[in-house]
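This report describes how the strands, helices and nonpolar core of one protein model are put together. The account begins with the pairing of strands.

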Amino acid sequence: MTKQYSLIAYFAKHYVASNILMALIFMAGFFAIYSIHTQTLPKFSERHISIAVRWDGASATDVLQNIILPIEVELYSVENIKKITSRARFGLAYIVIEFQPNTDINKAYDDVIDNLNSVRNLPDDSKPPIV
């Protein structure tokens, strides 16, 4: 009659084999950490451009009429815009432009700068737009 050994009894008797198996499991774990990292964190690109313009002492209504509306009119000619969101605060205009997926954000940035430079009727005492 043959004696049957369990898996635990085998590794208890052959401790070198258990240490080799443990080392292989650790190496597989380290490999898995790096491959999972690339799978769960895909590459993505920023699709927003923000513009801020200060106009000290101006009311929110004045900021809306004299800064936001002229800038938005010029920005509508930029291609691949998904949405433009604007906020007028006391002395501050804040505009966020969201672009369609797969838009070349560098080209879009250049187009936004070009269109901002073509806005001529901003108030004289307002600060230059910060992109």
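## Sheet

Seven bridges connect β1 with β3, and the two strands run antiparallel; strands here are DSSP runs of E with at least two residues, helices are runs of H or I with at least four residues, and both are numbered from the N terminus. Two strands count as paired if DSSP finds at least two bridges between them. Within this pairing, Val-53 has Ala-93 in β3 as its bridge partner.

The open sheet has three strands in the order β1-β3-β2, with antiparallel pairing. Its edge strands, β1 and β2 (81-89), each pair on one side only.

## Basis of the model

This is a predicted model, in which local features need pLDDT of at least 70 and side-chain atom pairs count only at pLDDT 80 or more, whereas totals for chains, interfaces and linings use all residues. Residues are numbered from 1 along each chain as its sequence is written, and side-chain values use heavy atoms, with hydrogens and water left out.

## Core

The largest nonpolar core (buried Ala, Val, Leu, Ile, Met, Phe, Trp, Tyr and Cys residues joined through side-chain atoms within 4.5 Å; buried means under 20% relative accessible area with a 1.4 Å probe, protein chains only) has 21 residues, and Ile-51 and Val-112 are among those with the most contacts inside it. Two or more residues each come from β1 (48-54), α3 (60-75), β3 (92-99) and α4 (105-117), with α3 giving the most, five residues.

Definitions and conventions
Buried means under 20% relative accessible area, exposed over 50%, partly exposed in between (1.4 Å probe, protein chains only).
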